[in-house]
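User: I'm in my first year and I've got this structure open in front of me. Could you take a close look at one helix and what surrounds it, and then show me how it sits within the rest of the chain?

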Amino acid sequence: MSRLSQINAGAADEAVEAFGMRGIGGPAEQLAQPKMVSDPGHAGLQALLGIEDEARLATDRAALLRSLVNAPRQLLGYRQAIVLMAGRGGVFKAEAVTSLPAVDRSAPLIRWFEALASRAATEMAASGPTAFQLPAFCNPSDPDTLSYPFKQFLFVPIRLPGAALTEAPIGIWLCAREQSWNDGDVAVAERLAGTYAHALRALQPARNAGFGHSGRSSRRAWWLIRSLAVVALAMAAFMPVPLSALAPVEVSASSARIVSAGADGIVADVLVDPGETVVAGQVLAKLDQVDLLNRLDVAERNIEVAEAKLWRSTQAAFGSVDAKRELAISRSELRVAQAERDALLAEQKRTILEAPAGGIVIFKDKRELLGKPVAVGQKLMQVASPESPEFRIDLPVSDVMLLETGAPVRVFLDSDPLNPLDAILTRTSYHARATSEGVLAYSITAKPSGSDVRLRVGARGSAKLIGDDVPLYFFLLRKPIAAIRQWTGW
């Protein structure tokens, strides 16, 4: 007959003493006494049944483990208990300690308990509950081993119902006190360990032996899952995905007309604001004319002198042959003076900058133009028609990929990023150029697939350029491979 059967039959005196007469295994003034009943022989049995009822009423794993380290304390008389559950690789981790609502695994004493449990489980993997005394399974010179006050330990493996002794336990229940452990204590602890193991499986039926992934079947399942995951990742690496890149984009006009300086000078006045709608022939800006007006006044005076000289030569020609020869020279000097005046008048007209067509005026700021010295042909602003917008994209050299005319483009404007616009690539630049941000990029132009009122000239955002399909591994490793080649020359 087993020890547990002897206890249930009441045939062993030590078991009866553990249930009813011995109490908690320590001085009465130090530990709480069990509830007094009229028949002391049944007190231990009633306490055991109460503990099992508490285990059945636990609603979650944490509550059940807290019950395991606290509820049997009065029955077994231990001073401190800790439950450690097996994790991946068979490493035991503390999950419940007597009188503590939570476990801080960084605490030195908790780490000491975990190391002790791991060594004890390695040497007593195929045994049942076993009592031992410190410094067994510990470093005798460890400060925690020397200072820990309770030297008598009871090692209780927690195995699922039906599990063989050759299977690794899913958890360890360590109990410590000053007095040594007798056979009755060991038998009660073994029964309670089985009760709580059954409750653990009831709370987590789906995992079966997976509380700690410590059983042979769970290790096989874990390796099978990892193997399947590796195969799935290898297959996914060759899954075709479209090669794409993101680049800044700006809405511009496809038929923008440039307004440039018609003469050398200084911008004296700007008569329009950025983004203002203008009509053809409207004055946009004026250059300073002070020097030009002075030169024009001199030209007018030269004409007057030439006319007077011509009149004098004409009068003298009637009576003098020499005066007749001077008459042709006077006429030529008058024509030269008039030509100089006409040239200055034309230059004066070019100092007035007019809109070449109707549309929207595009430039940065009035203050940047006022007082700015300009040369002939220097660009000052643009006049664009809002009816024919296009997307100007600056694709950085680091993101360059093979793109063909007609490739799809998706544009996300900063003003409405949740509603992308579809476009089609129309042309790309042959050479890369430095942008205003100092980034070397290719200029790409795309045309909207349809008309949209949100396409305001000057609006900015991001464009997603979509190329041919490539394997997923190439999509993910394209930039790292390029960087390695640049650094190593491989």
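Analyst: Let's start with the whole chain: it has 13 helices and 20 strands. Keep in mind that this is a predicted model, so treat everything below as computed from that model. Of the 490 residues in the chain, 38% are buried. The chain exposes about 27,600 Å², and carbon and sulfur atoms supply 57% of that area. If you take the contacts with a sequence separation of 6 or more, 71% come from residues 24 or more positions apart.

Now for the close look. The helix to pick is H4, which covers residues 61-70. Which of its residues are buried? They are Arg61, Leu64, Leu65, Ser67, Leu68 and Val69. Try clicking through those six in your viewer, and then ask what they pack against. The buried residues of H4 have two helices as partners, H3 (43-57) and H8 (183-203). They also pack against four strands: S1 (80-86), S2 (92-97), S4 (152-158) and S5 (171-177). There's a nice detail at the start of H4, too: a side-chain oxygen of Asp60 comes to within 3.2 Å of the backbone nitrogen of Ala62.

Several of those partners turn up again in the largest nonpolar core, which has 33 residues. Leu76, Val83, Ile158 and Trp173 have the most contacts inside it. At least two residues of this core come from each of H3, H4, helix H5 (73-76), S1, S4, S5 and H8. H8 gives the most, with nine residues. There is also a second, separate core of 25 residues, and Ile110, Leu116, Phe155 and Leu174 are among them.

Not everything buried is nonpolar, though. Have a look at Glu114, in helix H6 (residues 108-123). Its relative accessibility is 10%, so Glu114 counts as buried. Leaving out residues up to four places away in sequence, Glu114 touches Leu84, Phe92, Lys93, Ala94 and Arg105.

Next, move along the chain to the sheets. One open sheet has four strands in the order S7-S14-S12-S9, with antiparallel pairing. S7 (257-260) and S9 (277-278) stand at its edges with a single partner strand each, so one side of each has no neighbour in the sheet. Strands S12 (residues 359-362) and S14 (residues 379-384) pair over three bridges, and there you can find Val361 opposite Val383.

Another open sheet, again of four strands, runs in the order S11-S10-S8-S13, and its pairing is antiparallel. The edge strands here are S11 (352-354) and S13 (373-374); each has a single partner strand, so one side of each is left without a neighbour in the sheet. S8 (residues 265-270) pairs with S13 over two bridges, and Gly265 stands opposite Val374 in S13.

Last stop: charged side chains. Side chains of opposite charge can pair when their charged atoms come close. A search of the whole structure turns up 20 salt bridges, and a few are worth finding yourself.

Start with Asp291 and Arg295, whose side chains meet in a salt bridge at 3.8 Å, N to O. Both lie in helix H10 (residues 290-316), four residues apart, which is about one turn of the helix. Arg295 is partly exposed, with a relative accessible area of 38%.

H10 also takes part in a link to another helix. Glu333 forms a salt bridge with Lys309, and their closest N and O atoms are 3.1 Å apart. Glu333 is in helix H11 (residues 321-350) while Lys309 is in H10, so the pair ties together parts that are 24 residues apart in sequence. Both ends count as partly exposed: Glu333 at 32% relative accessibility, and Lys309 at 28%.

Strands can be joined this way as well. Arg427 and Glu390 form a salt bridge, with the closest N and O atoms 3.7 Å apart. Arg427 lies in strand S17 (residues 421-428) and Glu390 in strand S15 (residues 389-396), so this pair ties together parts that are 37 residues apart in sequence. Here the two ends fall in separate classes: Arg427 is partly exposed at 47%, whereas Glu390 is buried at 12%. Finally, look for Glu250, Arg392 and Arg460, which are linked in a network of salt bridges.

Definitions and conventions: Residues are numbered from 1 along each chain as its sequence is written. This is a predicted model: local features need pLDDT of at least 70, side-chain atom pairs count only at pLDDT 80 or more; totals for chains, interfaces and linings use all residues. Side-chain values use heavy atoms; hydrogens and water are left out. Buried means under 20% relative accessible area, exposed over 50%, partly exposed in between (1.4 Å probe, protein chains only). Contact means heavy atoms within 4.5 Å. A polar contact is a pair of N or O atoms within 3.5 Å; within protein, one must be able to donate a hydrogen and the other to accept it, and residues adjacent in sequence count only if both atoms are side-chain atoms. A nonpolar core is a set of buried Ala, Val, Leu, Ile, Met, Phe, Trp, Tyr and Cys residues joined through side-chain atoms within 4.5 Å. Two strands pair if DSSP finds at least two bridges between them. Accessible areas come from the Shrake-Rupley method with a 1.4 Å probe; for residues, only the protein chains shown count as cover. A salt bridge is a side-chain nitrogen of Lys or Arg within 4 Å of a carboxyl oxygen of Asp or Glu.
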